[in-house]
Amino acid sequence: MCAPIPLTSLAEDIAALQRAIGITRGPLLLAGHAYAGAVIAGAKDDRMKSLVNVAALAPDVFYRAKPHPEARRISSRMAWADLDARRRFCARVAHKASPDQTTILEVVQRPIAVKCIQEKAPVPAWKRNHRGFS
Amino acid sequence: MIAPETQRCKAERMGAKIRAQHVDQTPMHTAPDGVVGVILETAQETLAC
């Protein structure tokens with residue numbers, strides 16, 4: 001299943017993932033892309049068996065990422081209304097995408113709060129005896 | 001975009017198995033077979049009863 005994280009802060013995103021985990025059964029493999037690597041590393045559940053980080057962050061305790069300059073600029077919801085800004089952002093992170101894919105990415109990408117990558121990260125799962133994959 | 005050397009450094013720090021591929025920052029869109037392959041490999045190695 002895909003956990004609907006709000007991208008409002010690291011703690012709130014981890015909480016949303018925990019709620020999604022709560023409605024699952026059986027052993028867990030958590031996969032995260034980019035920033036979501038920090039989110040899956042912050043989850044806690046005895047059923048967690050593995051993490052898959054896809055081009056992802058893997059913050060250690062107290063780590064804070066430096067936001068991409070463009071990400072900071074377009075992180076406000078006002079700026080997000082600027083389609084040209086979204087196009088520039090997508091061109092930077094998805095330069096191998098087809099025009100159709102890029103169009104979809106521009107539409108579905110939501111603004112991410114700078115708080116997500118400025119909050120101190122909790123002790124990551126890969127430090128709590130989970131096997132990590134990247 | 002997260003630099004490849006940064007990703008490798010972080011992966012080594014967490015003791016991860018590394019599967020490097022020539023992809024952009026959104027491989028689940030532009031190289032989905034590789035991403036699915038890594039997830040399935042992980043599932044087979046870690047979720048087996």
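Me: Which residues of H1(A) are buried?
Reply: This is a predicted model, and burial is judged here by a count, 20 or more other C-beta atoms within 10 Å of a residue's own. Helix H1 of chain A covers 10–22. Its buried residues are A:Leu10, A:Asp13, A:Ile14 and A:Leu17.

Me: What arc do the buried residues of H1(A) cover around the axis?
Reply: An α-helix has 3.6 residues a turn, so residues three or four places apart point the same way. The buried residues of H1(A) are A:Leu10, A:Asp13, A:Ile14 and A:Leu17. They lie on the same side of H1(A), because the arc they cover is only 100°.

Me: Which exposed residues does the face of H1(A) turned away from its buried side carry, and which helices are included in what covers the buried residues?
Reply: The face turned away from the buried side of H1(A) carries the exposed residues A:Arg19 and A:Gly22. The cover over the buried residues of H1(A) includes two helices of chain A, H2 and H7.

Me: How far apart are the end C-alpha atoms of H1(A)?
Reply: H1(A) has 13 residues, and at 1.5 Å a residue they should span 18 Å. The model agrees with this expectation, as the end C-alpha atoms of H1(A) are apart by 18 Å.

Me: Which element gives the largest share of the largest nonpolar core?
Reply: In soluble globular proteins, nonpolar side chains tend to be buried together. The largest nonpolar core has 32 residues, and those touching the most other members include A:Leu17 and A:Tyr35. Elements giving two or more residues to this core include H1 and E2 of chain A, along with helix H3 (32–46) of chain B. The largest share, five residues, comes from H2(A).

Me: Which element gives the most to the side of chain A that touches chain B?
Reply: The contact takes 26 residues from chain A and 25 residues from chain B. On the chain A side, the residues divide into 15 nonpolar, seven polar and four charged. Strand E1 (28–33) and helix H5 (83–93) are among the elements of chain A that each supply at least two residues. With five residues, the element that gives the most is E2(A).

Me: Which pattern does chain B follow along the sequence?
Reply: Chain B has 49 residues, of which 22% are buried. Its C-alpha trace spans about 35 × 25 × 10 Å along the principal axes. There are three helices and zero strands in chain B, and read along the sequence the pattern is α-α-α.

Note on methods:
Residues are numbered from 1 along each chain as its sequence is written. Chains are lettered from A and ligands numbered from 1 in the order in which they are written. This is a predicted model: local features need pLDDT of at least 70, side-chain atom pairs count only at pLDDT 80 or more; totals for chains, interfaces and linings use all residues. Helices (H or I, at least four residues) and strands (E, at least two) are DSSP runs, numbered from the N terminus. A residue is buried if 20 or more other C-beta atoms lie within 10 Å of its own, exposed if 12 or fewer, and partly exposed in between; C-beta atoms are placed from the backbone. Two residues are in contact if their C-beta atoms, placed from the backbone, lie within 7 Å. Ala, Val, Leu, Ile, Met, Phe, Trp, Tyr, Cys and Pro count as nonpolar, Asp, Glu, Lys and Arg as charged, and the others, Gly among them, as polar. A nonpolar core is a set of buried Ala, Val, Leu, Ile, Met, Phe, Trp, Tyr and Cys residues joined through C-beta atoms within 7 Å. The expected span of a helix is 1.5 Å times one less than its number of residues. The arc is that of the directions from the helix axis to the C-beta atoms.
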